[in-house]
Amino acid sequence: GSYVNLIRNEINRITGSYAVENLRVGKLPCEFRSDAGLLRLLLHSDGPTSCADILLDGVNIRHLEMSCGGSPEQYINVTVRTERPCTLLLKGSGKIIRSEEYYGSHAVVNCGIGGCPTFRYRTEYAESYVAPLKPDLILAEAHTINDWLYSPAPESYGANLTELLKV
């Protein structure tokens, strides 16, 4: 019932696209096959430190170093685009918290971080969550309450929103 799901459902209805989200609380190593054109994985360390390699059809496309603890907790977002069915192999240590698969011509992807003000989202999340998607359109809830709680000047808030939309 979130506004992102309402928008996703309508875009999917209009375009014939669809999405599958799985809460996979599973430890690495693991392997799965997908026919989706866009995949997103959310990984987390399962100890003080973890490292993982992501292999797409046997080719290592990313090495990750993850740590546990700290505030906020470190979650690693991995975005993979494919034009054909593929096999993803995740080797090493750590765990998958969630996987998302997007099929069809359109994907409405929720890149939100709850309770996150614009200045923190811009510096900590935009490059790893939004930029790899190479979006044609960004719809941003304006983060107003989160920024108000951290008391930035309205000019800073406006500048941060503008920068977010340039990602």
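**Exercise 1. Pro29 and the bond before it**

Locate Pro29 between its flanking strands, then classify the peptide bond that leads into Pro29.

*Solution.* Start with the place. Pro29 sits in the loop between strand S2 (26–27) and strand S3 (30–34). Here helices (H or I, at least four residues) and strands (E, at least two) are DSSP runs, numbered from the N terminus. Next, take the bond. From Leu28 to Pro29, omega is near 0 degrees, and the peptide bond is cis.

A note on the basis. This is a predicted model, with residues numbered from 1 along each chain as its sequence is written. Local features need pLDDT of at least 70, side-chain atom pairs count only at pLDDT 80 or more, and totals for chains, interfaces and linings use all residues, while side-chain values use heavy atoms, with hydrogens and water left out.

**Exercise 2. Overall fold and dimensions**

Give the order of helices and strands, then test the chain against the globule rule.

*Solution.* Count the elements: five helices and nine strands. Then read along the sequence: α-β-β-β-β-β-β-β-β-β-α-α-α-α.

Now the size. The radius of gyration is taken over C-alpha atoms, and the rule is 2.2 Å times the number of residues to the power 0.38. For 167 residues, a compact globule would come out near 15 Å; the chain has 17 Å, which agrees. Along the principal axes, the C-alpha atoms fill a box of roughly 50 × 45 × 25 Å.

Finish with contacts, meaning heavy atoms within 4.5 Å. Take those between residues at least 6 apart in sequence: 75% join residues at least 24 apart.

**Exercise 3. Surface and charge**

How much of the chain counts as buried, and how far apart are the centres of the positive and negative side chains?

*Solution.* Set the cut-offs. Buried means under 20% relative accessible area, exposed over 50%, and partly exposed in between (1.4 Å probe, protein chains only). By that test, 35% of the 167 residues count as buried.

Then turn to charge. Lys and Arg count as positive, Asp and Glu as negative; His and the chain ends are left out. Each charge is placed at NZ of Lys, CZ of Arg, CG of Asp or CD of Glu. There are 16 positive and 19 negative side chains. The centres of the two sets lie 3 Å apart.

**Exercise 4. Tyrosine pairs**

Classify the ring pairs Tyr18–Tyr103 and Tyr121–Tyr125.

*Solution.* State the rule. Rings of Phe, Tyr and Trp (its six-membered ring) pair if their centres lie within 6.5 Å; planes under 30 degrees apart are stacked, over 60 edge-to-face, and the rest tilted. The whole structure yields four aromatic pairs.

Apply the rule to Tyr18 and Tyr103. Their centres are 4.5 Å apart and their planes at 10 degrees, so this pair is stacked. Tyr18 belongs to strand S1 (residues 18–22) and Tyr103 to strand S9 (residues 95–103), so the pair ties together parts 85 residues apart in sequence. Tyr18 is partly exposed at 43%, whereas Tyr103 is buried at 15%.

Repeat for Tyr121 and Tyr125. The centres are 5.8 Å apart and the planes at 35 degrees, so the pair is tilted. Tyr121 and Tyr125 are both buried. Ring pairs link Tyr121, Tyr125 and Tyr129 into a cluster.

**Exercise 5. Positive phi outside glycine**

Place Asp57 and Lys134 in their loops, and give phi for Asp57 and Lys134.

*Solution.* Take Asp57. Its loop runs between strand S5 (49–56) and strand S6 (59–67). Phi is near 50 degrees, a positive value in a residue other than glycine. With a relative accessible area of 34%, Asp57 is partly exposed.

Take Lys134. It is in the loop between helix H3 (126–130) and helix H4 (144–150). Phi is about 50 degrees, again positive in a non-glycine residue. Lys134 is exposed, at 63%.

**Exercise 6. Sequence separation and space**

Which residues does Glu21 touch, and which does Asp46 touch?

*Solution.* Begin with Glu21, in strand S1. Not counting residues up to four places away, Glu21 touches Asn5, Arg8, Arg98, Ser99 and Glu100. Check one distance: Glu21 and Arg98 are 77 residues apart along the chain, and their C-alpha atoms are separated by 7.3 Å.

Move to Asp46, in the loop between strand S4 (38–44) and S5. With the same exclusion, Asp46 touches Lys27, Ser93, Gly94 and Lys95. Asp46 and Ser105 are 59 residues apart along the chain, with C-alpha atoms separated by 35 Å.
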